[in-house]
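Let's take a walk through a protein model and look at a few of its strands, one loop residue and some charged pairs. Keep the structure open while you read.

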Amino acid sequence: MLLTAPSLKPLCVRGAQGCREAWAGLLLTTFLPENVVLPDPASYISCSAIPPFCFAPQADIILWDFPKQELLARLSLHEGKVEGLSFSPRGIYLVSLGGQDDGRVMVWDVSKREVVCGSPASPRSAGNANVVMCSSCRDEMFVTAGNFTIRVWELDTATKKIHPSECYAGQLRRITVCVQMTDDDDDFYLGTTSGDVLKVNTSSKVVTACVPQKKKFSMGVTALLLPKTGGLIVGTGEGTVALCTGSDFQVKKRMRVEGAVTSLTCRGRDDQFFIGTNKGQMYRSAYATFKEELVAVCHTGAVNDIVFPEGHSDLFVTCSTNDIRVWYTPERLERLRITVPNVTCHAVEVTRDGMVIVSAWNDGKIRAFVPATGEPMYEINNAHNLGVTAIAATSDCKQIISGGGDGQVRIWNIGEKTQKLREVLKEHRGAVSCIKINKNDKEGVTASLDGTCVIWDLVRYVRKQMILDNTLFKCVCYHPGEYQIITSGTDRKLWDYKEGTVTHVGVGHSGNITRLKICPANKYIVSVSADGAVLIWK
């Protein structure tokens, strides 16, 4: 973690898109990881990724020393995308598979941090390779598969070359999206978009089975798991998880989860396994009962805002695409989900009395909900022409201040059954990203993407002071003593309230910061960003 001021120190990091997990001292990560792979001697973690388009076309693989939070090596050969990664059984080699623009498979020496050899991943007559899996027993063997291609590779350590062997599938033409190798290396299984599973013999390189024959799995087979208890566990794009047994792999048990299954992994003792879905849900199930138990949830996109109710650190509210969620901090559980389909919530606020959740949406509406049940209370239609991008409520709960994509700041009077526009303030030229009101409701501050922060007199409805900087201000808040304002944008700065000067700069997020909050206990600063991470600063 990079720091430029001793008073700004990140205490913990949590992220949906970042990959920061310790495993026996070393961590391997790439931009926006899509999957995580653990070797049997679990010394490393590997993540495959799509780099943001704003970066260089090279897709780096980064090796980290996690306890020291130090970068050990940057492996840079693939272009555009890293499709998949897999470690050899003893962790000697790392096999990486490039995406469509790259089309290569590379073998890396982990200890030397250098490439051993590489080759085109698929023949010219076939499509792109999508998945890679190393052998369970031998460091010199691995498998790749994809669009109408299945290959078994052998590494010649003497000549430092890899040699592919094409697998014979007869008349079957399948697109592979997942692969699993048996513990004895005799066979491996491929999940396809057609909804069936192919069984391939490693020695003969021949597809020996294609199951099920009649009733295929809906929306394709997206994940596979081979438990030590026997059988094959199949995850599908429909959200079905099925246990298949016998030579014909008949479905013996099944369960249903929310969203398409993206991953299946067994627990250490192999009496339980975990299920991940594209809806941000993680489930746990025992092999014996085969019943799903929800253990963790998260937003499926970037978190746009976070707010603590007044005087409460045990609950906080977040918003993202399609929903608002209320979380219980001690148990890290989701207590309430408010869903509004096909729209994005840019900002959320809880009134001082805790009776209303007020939210800003990209369809131009301000929506209010009951915190206990999530039931709608009222809507303000056409609040802003280019969507509502920021929201705040006064301490007496009688007024709401909203900011829009048009740069306007609007003040609304809120009655028991009415919501009326009181005033329109025009100073910003870009979208208003955040609004904060001081304790006595006489002053407020707004941040904008045009690089300005404006401090407003909320009695006379005029500008008091403007702060200009060459950045995109994403969020702003008052210091508890209200003699400073803390802003966050593309450069992570702390400003002095009276002087309008920069006092500290902290670096931790890998993407633009979207919101920043001080917890009610005044001990930490909590920031969230477009990279999906949440940082707590001391």
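## Charged pairs, strands and a loop

Asp-60 counts as buried because its relative accessibility is 11%, and the cut-off for buried is under 20%. Keep in mind that this is a predicted model.

So who does Asp-60 pair with in a salt bridge? Its partner is Arg-74, and the closest N and O atoms of the two are 3.0 Å apart. Arg-74 sits in strand 6 (residues 70–75), while Asp-60 belongs to the loop between strand 4 (46–49) and strand 5 (61–65), so this pair ties together parts that are 14 residues apart in sequence. Unlike buried Asp-60, Arg-74 counts as partly exposed, with 43% relative accessibility.

A bit of background helps here: side chains of opposite charge can pair when their charged atoms come close. How many salt bridges does the structure hold? There are 20. Here are three of them, including the one you just met:

| Pair | Closest N to O | Relative accessibility |
|---|---|---|
| Arg-74 and Asp-60 | 3.0 Å | Arg-74 43%, Asp-60 11% |
| Asp-363 and Arg-367 | 2.8 Å | Asp-363 31%, Arg-367 7% |
| Glu-379 and Lys-365 | 3.6 Å | Glu-379 38%, Lys-365 25% |

Look at the second row. Asp-363 is partly exposed at 31%, whereas Arg-367 is buried at 7%. In the third row, Glu-379 is partly exposed, and Lys-365 counts as partly exposed too. That pair links distant parts of the chain: Glu-379 is in strand 33 (residues 376–380), and Lys-365 is in the loop between strand 31 (357–361) and strand 32 (366–369), 14 residues apart. Salt bridges can also share partners, and in that way Glu-258, Asp-323, Arg-325, Glu-334 and Arg-337 are joined into one network.

Now for some strands. Is strand 15 (residues 176–181) mostly covered or mostly open? Mostly covered: five of its six residues are buried. Strand 15 pairs with strand 16 (residues 187–192) in the antiparallel sense, over five bridges. To find one of those spots, go to Val-179, whose bridge partner in strand 16 is Leu-190. The hairpin made by these two strands has five residues between them, and there Asp-185 takes a positive phi near 70°.

Further along the chain, you can find an open sheet of four strands in the order 34-35-36-37, paired in the antiparallel sense. Which strands are at the edges? Strand 34 (388–393) and strand 37 (419–426) are, and each of them pairs on one side only. On average, neighbouring strands of this sheet are turned by 25° against each other, direction ignored. Within the sheet, strand 35 (residues 399–404) and strand 36 (residues 408–414) share five bridges. For a landmark, look for Gly-403, which stands opposite Val-409 in strand 36.

Last stop: Asn-304, found in the loop between strand 26 (293–297) and strand 27 (305–307). Is Asn-304 buried or exposed? With 18% relative accessibility, Asn-304 counts as buried, because the cut-off is under 20%. What does Asn-304 touch? Leaving out residues up to four places away in sequence, its contacts are Cys-319, Ser-320, Thr-344, Cys-345, His-346, Thr-514 and Arg-515. With Cys-345, the side chain of Asn-304 reaches the backbone oxygen at 2.9 Å.

How values were computed:
Residues numbered from 1 in each chain as written. Predicted model: local features only at pLDDT ≥ 70, side-chain atom pairs only at ≥ 80, totals over all residues. Heavy atoms only, no water. Pairing = 2+ DSSP bridges. Axes fitted to C-alpha atoms, helices over the stretch in contact; angles between N-to-C directions. Buried < 20%, exposed > 50% of the residue type's maximum accessible area, 1.4 Å probe, protein only. Polar contact = N/O pair within 3.5 Å; in protein donor to acceptor, adjacent residues only side chain to side chain. Contact = heavy atoms within 4.5 Å. Salt bridge = Lys/Arg side-chain N within 4 Å of Asp/Glu carboxyl O.
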